[in-house]
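Me: I'm going through a protein model and keep tripping over the labels people put on things. Can you take me through the reasoning behind them?

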Amino acid sequence: MSSINIISSSKIKVGYKLCLNSDSFQVFYPDGKGGQLGDRGFIAGVPIISVSADGSPILASDIAPGIHEYSIDMKRREDVACQHTAEHLIAGIAHREFALRNAGFRMSEEYSTIDLDGEGVSDEKVDAIEKIANRKIKEGLLVKDFSLPPEKVNELGELRKEVSEKVSGDVRIIEIEDTDLCACGGFHVDNLSKLQLLKVTHTERVKGKYLRVYFKAGQRAIDDYSLKNRITRGVCQALSCQNDEIEDRVNSLFENLNSMKTDLRALAMDFSELLAVKLENQAIEMDKTLLITYTDKRGEGEFLHKFIDMDKYTLLVEKNGIFSIFSNKISCKEFINRLRNSYEIKGGGSDSNGNIKGSISMNEIIENLKDF
Ligand SMILES: [Zn+2]
């Protein structure tokens with residue numbers, strides 16, 4: 001355990017932000033710096049919930065100023081080092097072998113992303129990058145970490161990206177043997193073999209031109225394999241098939257589902273025709289119209305208006321709290337406008353039909369229709 005000197009603390013929205021003395025302000029790695037996750041751990045037994053950009057830890061509860069012992073979660077740092085080195089590895093291969101640029105890097109608790117930019121960036125190229133990356137991991141290439149005065153940096157050769165203007169004094173260089181040369185201030189492993197495995201989980205197009213590559217390395221990639229294996233085992237069991245049959249089985253299930261939906265729609269249409277006759281016999285007499293009401297549970301109400309004579313009847317159908325009204329005897333539009341004066345509802349329509357949604361019941365609509 002080491003100790004730090006806390007000058008003061010202040011309450012902020014998410015917890016208590018500590019002000020450290022100048023010897024301690026570089027102890028904790030800030031969240032988001034260089035796209036990397038920040039440190040976690042404990043100060044005086046209280047969990048660190050995040051580290052702000054200036055290196056001030058934010059605690060879950062307050063502690064008194066003074067000297068306190070702290071610990072940093074080193075397992076998390078190892079994981080962060082794996083993901084960060086994997087980023088260098090992907091970016092280095094993308095740059096040297098495919099002339100693609102790393103336009104952005106983000107690391108989260110679950111996955112990391114790198115935005116690749118360049119002509120012809122594609123999933124096929126990402127597949128090839130992943131293959132080369134895993135070969136280099138297997139070869140156990142060294143990851144060198146050293147610092148140089150700025151004037152010596154150029155002697156190294158071309159860096160993958162320019163050194164940030166924010167860097168003052170010596171420049172810290174991270175070099176992956178024969179693969180990448182980049183200035184960086186984050187955490188990295190010292191040998192690619194510590195990455196064990198690099199897996200691209202998926203990609204997506206962003207901002208029109210970048211290909212965002214989601215990836216996991218190290219234990220995260222191995223855990224991800226276990227999770228996916230558990231999921232596919234469950235799916236195979238449910239579908240009574242083998243891994244390589246899942247795609248065909250799911251496609252065939254969707255085909256069946258779509259065909260059943262078509263059949264169900266046809267049946268609902270046929271049923272509506274019969275239902276319309278029954279409902280016409282139960283119509284309620286109003287001043288200007290005969291009213292038919294129906295609560296739709298399975299979609300059959302959607303077709304009722306096709307089979308009811310709207311010159312004689314007004315039809316009111318409710319489905320999931322939304323009312324549809326059809327009539328040639330009254331103006332649906334005017335009726336809905338009238339309801340709007342007395343109820344908190346949304347809706348509208350034409351003279352012959354409309355929709356009503358909001359705080360109103362079937363009975364309240366019927367009552368209002370009586371004297372409309
Ligand atoms: Zn780095």
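Me: Why is glutamate 130 called buried?
Reply: Keep in mind that this is a predicted model. Glutamate 130 has a relative accessible area of 14%, and buried means under 20%, so glutamate 130 counts as buried.

Me: Okay, and how do you know that glutamate 130 and lysine 199 form a salt bridge?
Reply: Look at the gap between their side chains: N to O, it is 2.9 Å. The cut-off is within 4 Å, so the pair makes it. Glutamate 130 sits in helix α2 and lysine 199 in strand β12, so the bridge ties together parts 69 residues apart in sequence.

Me: What makes lysine 199 buried, exposed or partly exposed?
Reply: Its relative accessible area is 35%. Buried is under 20% and exposed is over 50%, so lysine 199 lands in between and is called partly exposed.

Me: What about aspartate 79 and arginine 220: how do you know that they form a salt bridge?
Reply: Their closest N and O atoms are 2.8 Å apart, and the limit is 4 Å, so that one counts too. Aspartate 79 is in helix α1 and arginine 220 in helix α4, so this pair ties together parts that are 141 residues apart in sequence. Arginine 220 is buried at 10% relative accessible area, while aspartate 79, at 22%, is partly exposed. In total, the structure holds 18 salt bridges.

Me: Now the metal. What makes the site of the zinc ion tetrahedral?
Reply: There are 4 donor atoms, with angles of 98 to 123 degrees among them. The label asks for all angles between 85 and 135 degrees, so the site fits.

Me: Which residues are the protein donors of the zinc ion, and how do you know that they count?
Reply: They are His84 (NE2), His88 (NE2), Cys184 (SG) and His188 (NE2), lying 2.0 to 2.3 Å from the ion. Donors have to be within 2.8 Å, so these four pass. Histidine 84 lies in helix α1 and cysteine 184 in the loop between β11 and β12, so the two tie together parts 100 residues apart in sequence. Both histidine 84 and cysteine 184 are buried.

Me: Last one: how confident is the predictor in the protein chain?
Reply: The average pLDDT is 93, and 100% of the residues score at least 70. Confidence is lowest in helix α3, with a mean of 86, and highest in helix α2, at 98.

Definitions and conventions: Residues are numbered from 1 along each chain as its sequence is written. This is a predicted model: local features need pLDDT of at least 70, side-chain atom pairs count only at pLDDT 80 or more; totals for chains, interfaces and linings use all residues. Side-chain values use heavy atoms; hydrogens and water are left out. pLDDT is the predictor's confidence in each residue, from 0 to 100. Helices (H or I, at least four residues) and strands (E, at least two) are DSSP runs, numbered from the N terminus. Donors are N, O and S atoms within 2.8 Å of the metal (3.2 Å for Na, K and Ca); water is not among the atoms, so sites may look incomplete. Four donors count as tetrahedral if all angles lie between 85 and 135 degrees; four count as square planar and six as octahedral if opposite donors are over 155 degrees apart and all others between 65 and 115; anything else is irregular. Buried means under 20% relative accessible area, exposed over 50%, partly exposed in between (1.4 Å probe, protein chains only).
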